[in-house]
Amino acid sequence: MKRPSRVLLPVFAVLGCLAYGSAYAQSQHIRGTVKSAEGHDVTVETRNGKSVTVPTTDKTGYYVVEKGSLSDVKPGKFVGITSVDRDGKQVAEEIHVFADSLRGLGEGHYPWDRDQQANMMTNANIAKVESVAGGDVLKLDYKGGEQTISVPSDVTVVTFDKGSRSDLADGRHVFVVMSKNEANKSAAAIVVGAPGVTPPM
């Protein structure tokens, strides 16, 4: 993936917060568009039209997603896959291909909240890609387990890389992971869509 390098505000702090899948899944998620980013606050208009103020700190991490393609999905890559159960098989609805520097982020297989239909998130290494009629089948491994997920040819694919606060331009789509610390309800991480891209999480 060729793109300008970006600075991630303390990446290790964010990786520590999101290193374990269960913690990542249980955090509060906010989806919407940036209305403003002033001082330490980011105002997000959610998908249901509500305005939410998201506090940030020096430990908030920033990431950027850009359009990808199935050619980015190959053995050895660390990916995040949202999937649903169809006739007893896990079928991918979206794939996030992580930059190598983010390997291990949110690793695991756990329930997700992308929509009302039951869905799962699997952040794992691609051990094998098998071509089948209508798409591919991915063999995935992660700490403590493995999964097999079918990938239709029309699946949404994005690349997932480090970003910075400067990416929070008005109108950009965002996915916010809120900290679970009740004494400090702030954003642990903000995923920003590149122009014209909505984080499919």
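# Notebook: looking through a predicted chain

**Entry 1. Whole chain.** I began with burial: of the 201 residues in the chain, 48% are buried. The model is a predicted one, and I kept that in mind throughout. I then looked up the secondary structure and found two helices and 13 strands. I also checked how far apart in sequence the contacting residues lie. Of the contacts between residues at least 6 apart in sequence, 63% join residues at least 24 apart. For the surface I noted an exposed area of about 9,800 Å², with carbon and sulfur atoms supplying 49% of it.

**Entry 2. The cores.** Which residues have the most contacts inside the largest nonpolar core? I found Tyr63, Phe160 and Val191, in a core of 19 residues. I next asked which elements give two or more residues to this core. They are strand 4 (61–67), strand 7 (108–112), strand 11 (156–162), strand 12 and strand 13. Strand 4 gives the largest share, three residues. Apart from this core I noted another, of 15 residues, with Ile81, Ala124, Leu140 and Tyr142 among them. As background, I wrote down that nonpolar side chains tend to be buried together in soluble globular proteins.

I took Phe160 as a case to follow. Leaving out residues up to four places away in sequence, I found that Phe160 touches residues including Tyr63, Val64, Val65 and Val191. Also among its contacts are His96, Phe98, Leu102, Leu105 and Met201. Tyr63 and Val191 are thus on two lists of mine, the contacts of Phe160 and the residues with the most contacts inside the core.

**Entry 3. Strand 8 and its partners.** I looked up what pairs with strand 8 (119–132). Strand 5 (residues 78–86) runs antiparallel to strand 8 and is joined to it by six bridges. In that pairing, Thr82 has Met121 of strand 8 as its bridge partner. Strand 7 also runs antiparallel to strand 8, with five bridges, and here Gly108 stands opposite Asn123. Strand 9 (residues 135–142) pairs with strand 8 over seven bridges, again in the antiparallel sense. One position I marked there is Asn125, opposite Asp141 in strand 9.

I then looked at the turn between strand 8 and strand 9. The two strands form a hairpin with two residues between them. Gly134 in this turn has a positive phi of about 85°.

**Entry 4. Pro111.** Is Pro111 buried or exposed? I placed Pro111 in strand 7 and read a relative accessibility of 57%, so Pro111 counts as exposed, the cut-off being over 50%. I also took the distance to Met121: the two residues are 10 apart in sequence, and their C-alpha atoms are 6.1 Å apart.

**Entry 5. Salt bridges.** How many salt bridges does a search of the whole structure find? The search finds five. I noted beforehand that side chains of opposite charge can pair when their charged atoms come close.

I looked up Asp113 and Arg31, whose closest N and O atoms are 2.8 Å apart. Asp113 is in the loop between strand 7 and strand 8 and Arg31 is in strand 1 (residues 29–38), so this pair ties together parts 82 residues apart in sequence. The two ends differ in cover: Arg31 is buried at 12% relative accessible area, whereas Asp113 is partly exposed at 34%.

Glu45 and Lys35 form another salt bridge, at 3.5 Å from N to O. Glu45 lies in strand 2 (residues 41–46) and Lys35 in strand 1, 10 residues apart. I found Glu45 partly exposed at 32% relative accessibility and Lys35 partly exposed at 43%.

The last one I looked up joins Lys128 and Glu130, at 3.3 Å from N to O. Lys128 is partly exposed at 43% relative accessibility, and Glu130 is partly exposed at 27%.

**Entry 6. Ser179.** Where is Ser179 placed? I found Ser179 in the loop between strand 12 (173–178) and strand 13 (187–193). Its relative accessible area is 14%, and because buried means under 20%, I entered Ser179 as buried. Not counting residues up to four places away in sequence, Ser179 touches Asn184, Lys185, Ser186 and Ala188.

Technical notes:
Residues numbered from 1 in each chain as written. Predicted model: local features only at pLDDT ≥ 70, side-chain atom pairs only at ≥ 80, totals over all residues. Heavy atoms only, no water. Helix = DSSP H or I, 4+ residues; strand = E, 2+ residues; numbered from the N terminus. Buried < 20%, exposed > 50% of the residue type's maximum accessible area, 1.4 Å probe, protein only. Contact = heavy atoms within 4.5 Å. Areas by Shrake-Rupley, 256 points an atom, 1.4 Å probe, with all protein chains shown as cover. Core = buried A, V, L, I, M, F, W, Y, C linked by side-chain atoms within 4.5 Å. Salt bridge = Lys/Arg side-chain N within 4 Å of Asp/Glu carboxyl O. Pairing = 2+ DSSP bridges.
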